[in-house]
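The following exercises are to be worked through with the sequence and the model at hand. Each task is followed by its solution.

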Amino acid sequence: SQWQVDALHLPGGYFPRGGIVLGIIGKKKPASSSSYRDVTCFGWSSWKNVMVAGYGQRALGSWDGWKAGDRGIFTYSPLKATLTLQLQREGGVREFSIHNCSLPDGAFIHLYFSKEVT
C-alpha cells in the first residue's frame with residue numbers, strides 16, 4: 001500500500017502544541033485519544049520522534065521532524081513488516097524506514113493531530 005501526505009502548514013512549537021504523527025496503526029478505534037502511544041502505532045512525528053510500537057525514539061535514523069512544505073510518500077509492506085517514508089523536502093529526497101511493524105489484524109493510515117493543530 002502507498003499513500004502521500006503534504007504538510008502545507010504546521011504551527012510552531014513542539015509537542016503537544018503543533019504535534020502531528022503520520023504513519024500506520026493497527027486499530028480502527030484506539031483506546032486513547034493519544035493514539036500515537038498505542039502499541040500498534042508506527043510513524044514519524046513533528047517533534048523529532050519516530051514512533052515504534054507506541055514509543056518515541058528521538059531522531060531515529062536522523063529524523064528531524066515534519067516541516068511545512070514537506071511531502072511524505074508512505075509505503076507499507078505487510079509481508080516485510082516495514083513502513084517506509086520517502087520524504088521530499090526542499091533540497092532533496094530522503095528515505096526512512098521502520099522495521100518489525102507487523103500488524104496481524106491489518107494496518108490503517110494514521111494521522112494524529114494534537115488539539116491545537118487545525
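**Exercise 1.** Which polar contact joins the side chains of D70 and R89?

Solution. The structure is a predicted model, in which local features need pLDDT of at least 70, side-chain atom pairs count only at pLDDT 80 or more, and totals for chains, interfaces and linings use all residues. Residues are numbered from 1 along each chain as its sequence is written, and side-chain values use heavy atoms, with hydrogens and water left out.

Step 1. A polar contact is a pair of N or O atoms within 3.5 Å; within protein, one must be able to donate a hydrogen and the other to accept it, and residues adjacent in sequence count only if both atoms are side-chain atoms.

Step 2. The side chains of D70 and R89 are joined by such a contact at 2.8 Å. The D70 side chain also reaches the backbone nitrogen of K67, at 2.8 Å.

**Exercise 2.** Determine whether D70 is buried or exposed, and describe its surroundings.

Solution. Step 1. D70 belongs to the loop between β5 (55–58) and β6 (71–77); strands are DSSP runs (E, at least two residues), numbered from the N terminus.

Step 2. D70 counts as buried because its relative accessibility is 1%, the class being defined as under 20% relative accessible area (exposed is over 50%, partly exposed in between; 1.4 Å probe, protein chains only).

Step 3. Contact means heavy atoms within 4.5 Å. Not counting residues up to four places away in sequence, D70 touches V5, D6, A7, G65, L87, Q88 and R89. A7 is 63 residues from D70 along the chain, yet their C-alpha atoms are separated by 5.2 Å.

**Exercise 3.** Characterise G65, one of the residues that D70 touches.

Solution. Step 1. G65 is likewise placed in the loop between β5 and β6, and its relative accessible area of 0% makes it buried.

Step 2. Leaving aside neighbours within four places in sequence, G65 is in contact with S45, S46, K48, D70 and R89. G65 and G19 are 46 residues apart in sequence and 9.8 Å apart, C-alpha to C-alpha.

**Exercise 4.** In which sense do β7 and β8 pair?

Solution. Step 1. Two strands pair if DSSP finds at least two bridges between them. Strands β7 (residues 82–89) and β8 (residues 92–98) pair in the antiparallel sense over 7 bridges.

Step 2. Q88 stands opposite V93 in β8. The hairpin has 2 residues between the strands, and G91 takes a positive phi near 105° there.

Terms used. Helix = DSSP H or I, 4+ residues; strand = E, 2+ residues; numbered from the N terminus.
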